[in-house]
Amino acid sequence: KRVDRIIKAMPAVIRDYQDVKLLIIGDGPERKNLENLAKELKVESFVKFLGALPHNKLKNYYNLADLFISMYDISNAGNPLLEAMSCGKCIITLDVGDTSEFIHDGENGILLKMNQLDILPNIIVELLKNDKKRIELGKNAKKFADENLWTWQERINAEIPAVRELLENNDI
């Protein structure tokens, strides 16, 4: 998931914008390494590891956040990104895989190319300092989500019959 990229951006972010906290949700085998990285970079007081959280609690954290940052190598177009869009969050992400089908650079989020990772801290600071731009990108992300994404209920209503049909036809 390359959370290390966001942690590595934190020293430069903190130099320009001290009123910041990075909340990391999720757990896994890399957590200890990421915690150590935060300590090595002396940003541990600005980084909070929340661990795995129940899905019904995530919306609270999306709504708390000013930014949603996703730095996966292959594609960032997963449930977390789509949920952040639905919550109207300003998104910074990498332009890999199908991500650009959802995030349109400068319109409903910021898309960075892999060779632009060095400007991640600057983008974070710019958006934290520019409420108008950050809020506009978030509103546009929500508008895109409302117009193009299924709700969880719509998704379930489509997927359950499809799975039933596959099971009935022994296609699985």
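This passage walks through the fold of a single chain, from its overall layout down to a few local details.

The model is a predicted one, so local features are taken at pLDDT of at least 70 and side-chain atom pairs only at pLDDT 80 or more, while totals for chains, interfaces and linings use all residues. Residues are numbered from 1 along each chain as its sequence is written, and side-chain values rest on heavy atoms, with hydrogens and water left out.

Seven helices and five strands make up the secondary structure of the chain; these are DSSP runs numbered from the N terminus, with helices being H or I over at least four residues and strands E over at least two. Read from the N terminus, the order is α-β-α-β-α-β-α-β-β-α-α-α. Along the principal axes, the C-alpha atoms fit a box of roughly 60 × 35 × 30 Å.

Of the 172 residues in the chain, 37% are buried, where buried means under 20% relative accessible area, exposed over 50% and partly exposed in between, using a 1.4 Å probe and protein chains only. As for contacts (heavy atoms within 4.5 Å), 58% of those with a separation of 6 or more link residues 24 or more positions apart. The chain exposes about 10500 Å², and carbon and sulfur atoms supply 51% of that; the areas come from the Shrake-Rupley method with a 1.4 Å probe. On the charge side, there are 24 positive and 27 negative side chains, with the centres of the two sets 8 Å apart. Here Lys and Arg count as positive and Asp and Glu as negative, leaving out His and the chain ends, and each charge is placed at NZ of Lys, CZ of Arg, CG of Asp or CD of Glu.

Helix α4 (residues 79–86) has Leu-81, Leu-82, Glu-83, Ala-84 and Met-85 as its buried residues. Their packing partners are α3 (55–64), β3 (67–70), β4 (90–94), α6 (131–148) and α7 (152–168). Just past α4, Gly-88 adopts a positive phi of about 75 degrees.

One of those partners, α6, holds Lys-139. With 58% relative accessibility, Lys-139 counts as exposed. Its C-alpha atom is 8.9 Å from that of Cys-87, although the two residues are 52 apart along the chain.

Towards the N terminus, α1 (residues 3–16) packs with α2 (residues 31–40) at about 10 degrees, their axes 9 Å apart. The axes are lines fitted to C-alpha atoms over the stretch in contact, and angles run from 0 to 180 degrees between N-to-C directions. The two helices are therefore roughly parallel, a label for angles under 35 degrees. Val-3, Asp-4, Ile-7 and Lys-8 of α1 meet Leu-34, Leu-37 and Ala-38 of α2.

Notes
Parallel < 35°, antiparallel > 145°, perpendicular 65-115°, else oblique.
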